[in-house]
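Colleague: Please take a close look at how the helices pack in this model, and at the open and closed spaces between them. I would like one connected account.

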Amino acid sequence: MADKIIRFIKEWFLVIGMTVGVLAYLAYDALPSIHAYGPVLHRVCKIVQPLLLFVMLFLSFCKVRPSELKPHRWQFWLLLIQSLSFIGIALLVCWADSSSGNVAAFINNVRQPLEAAMLCLICPTATACAVMTGKLGGNVAEVVTYTIIINFAVAILIPLFVPLVHPDTAATFLDAFLKILYKVFPLLILPFIAAMAVRFLLPRLHSWLVSKSDLAFYIWGISLTLAITMSTREIMHSSNGLAVILETALASLLACIFQFAAGRAIGRRYGCEISASQALGQKNTVFAIWVGYTFLTPAVSVAGGFYSIWHNVYNSWQLHRHQKAACN
């Protein structure tokens, strides 16, 4: 009986973490007596979550040799999909702003879902992607390489094209570029530097860390719980009507389906189906929410919260299927 319970927890660890995250915020919202502690709890989450992500990514980088970090052809196609889809929607919205007619009117009517899709499409690969890719049997080094590539691409594309969609954006290209770089650098480059330092300077510690293969996954589960709690908060406190929220949820769902499917199709051609699918489909939704608030609108930022739900539900199903296959 105990073995079955442990196996169930391992298979559905992500779903359990998501459920706990939603229930935690609903419990907080239903208890006015603890609302006074809300600002403190929010600050704690904003401190603890990046630390967990740092440790998780550090452990993943410990398993990667520097020589394995090299670009592959499939990564170019993924970069092209993300870049062109983001640029295409930005130019479409920009054109509708300055045009008239039925087509322009329709685009303006669905502007928020389009911006939500645009945000979900350009959002960089999640730092946790390496953990999930490893669990599913994919190539961690290839995913790490693409994560680095897409983060620097995002730092260039968002400052260039978001002002076309929101001309009132106050930040200059350099300001926005540095702001994004400041946001991603501590959780992307520093863990890599730390992992390489441990690999070459402390080989015994490095071997011990590599032997703890599931540690990064469970840290991710805790981080996911916090992320879903924050996403639930964003969704519940959205000032939009129900129809707009549903449109945003649908746009993020379609973007999620498209990216996982496109990544899998491209990966199948190059023998890296899992790696390419995860690299394109699994997103840094905390970053998406921040970009939405900072450069677009708070209403659009909710798309990041919904995407967090969609891609983690799909990953939970993938993990269950993979572990079931391994046991047969």
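Modeller: Start with H10 and H11. In this predicted model, helix H10 spans residues 189-201 and helix H11 spans residues 203-211. Their axes come within 5 Å and cross at roughly 120°. An angle over 115 but not over 145 degrees counts as oblique, so H10 is oblique to H11. On the H10 side, the residues in contact are Val198, Arg199, Phe200 and Leu201. They meet Pro203, Leu205, His206 and Leu209 of H11. Sorted by class, this contact has six nonpolar residues, one polar and one charged.

Now a second pair, H8 and H15. Helix H8 covers residues 140-165, and helix H15 covers 285-295. Here the axes lie 12 Å apart, at an angle of about 30°. Angles under 35 degrees count as roughly parallel, so H8 is roughly parallel to H15. The crossing of H8 past H15 is right-handed. Which residues of H8 and H15 meet? H8 brings Val154, Ile158 and Val162. H15 brings Phe287, Val291 and Phe295. The class count for the contact of H8 with H15 is six nonpolar, no polar and no charged.

H15 turns up again in the largest pocket. That pocket has a volume of about 760 Å³. Its lining is made of 30 residues. Those nearest the centre are Lys46, Gln49, Lys183, Val286 and Trp290. Which helices supply at least two residues each to this lining? They are H3 (38-62), H9 (173-184), H12 (215-236) and H15. H3 gives the most, with eight residues. By class, the lining of the largest pocket holds 18 nonpolar, eight polar and four charged residues.

Next comes the second largest pocket. Its space is about 280 Å³. Of its 14 lining residues, Tyr25, Tyr28, Leu41, Thr229 and Arg233 are the closest to its centre. Helix H2 (13-30), H3 and H12 each give two or more residues to this lining. H3 again has the largest share here, at five residues, as it gives the most to the largest pocket. The lining of the second largest pocket counts eight nonpolar, four polar and two charged residues.

That leaves the closed spaces. How many cavities of 30 Å³ or more are there? The count comes to four. The largest cavity has a volume of about 190 Å³. It is lined by 17 residues. Leu53, Ala128, Trp220, Lys283 and Thr285 lie nearest its centre. The elements giving two or more residues to its lining are H3, H12, H15 and helix H16 (298-327). H12 gives the most to this cavity, with four residues. By class, the lining of the largest cavity divides into seven nonpolar, nine polar and one charged.

Two helices are worth tracing on the display. H3 gives residues to the lining of the largest pocket, of the second largest pocket and of the largest cavity. H12 is likewise among the helices that line the largest pocket, the second largest pocket and the largest cavity. H15 helps line the largest pocket and the largest cavity, and it also meets H8 through Phe287, Val291 and Phe295.

Terms used:
Residues are numbered from 1 along each chain as its sequence is written. This is a predicted model: local features need pLDDT of at least 70, side-chain atom pairs count only at pLDDT 80 or more; totals for chains, interfaces and linings use all residues. Side-chain values use heavy atoms; hydrogens and water are left out. Axes are lines fitted to C-alpha atoms, for helices over the stretch in contact, and angles run from 0 to 180 degrees between N-to-C directions. Angles under 35 degrees count as roughly parallel, over 145 as roughly antiparallel, 65 to 115 as roughly perpendicular and the rest as oblique. Contact means heavy atoms within 4.5 Å. Ala, Val, Leu, Ile, Met, Phe, Trp, Tyr, Cys and Pro count as nonpolar, Asp, Glu, Lys and Arg as charged, and the others, Gly among them, as polar. On a 1 Å grid over the protein atoms alone, a cavity is a set of points where a 1.4 Å probe fits but cannot get out, and a pocket is an open set with protein on both sides within 12 Å along at least five of seven lines; lining residues have an atom within 4 Å of a point. Grid points are joined across faces, edges and corners, and a volume is the space filled by probe spheres set on the points. A crossing is left-handed if the near helix is turned anticlockwise from the far one by less than a right angle, and right-handed if clockwise.
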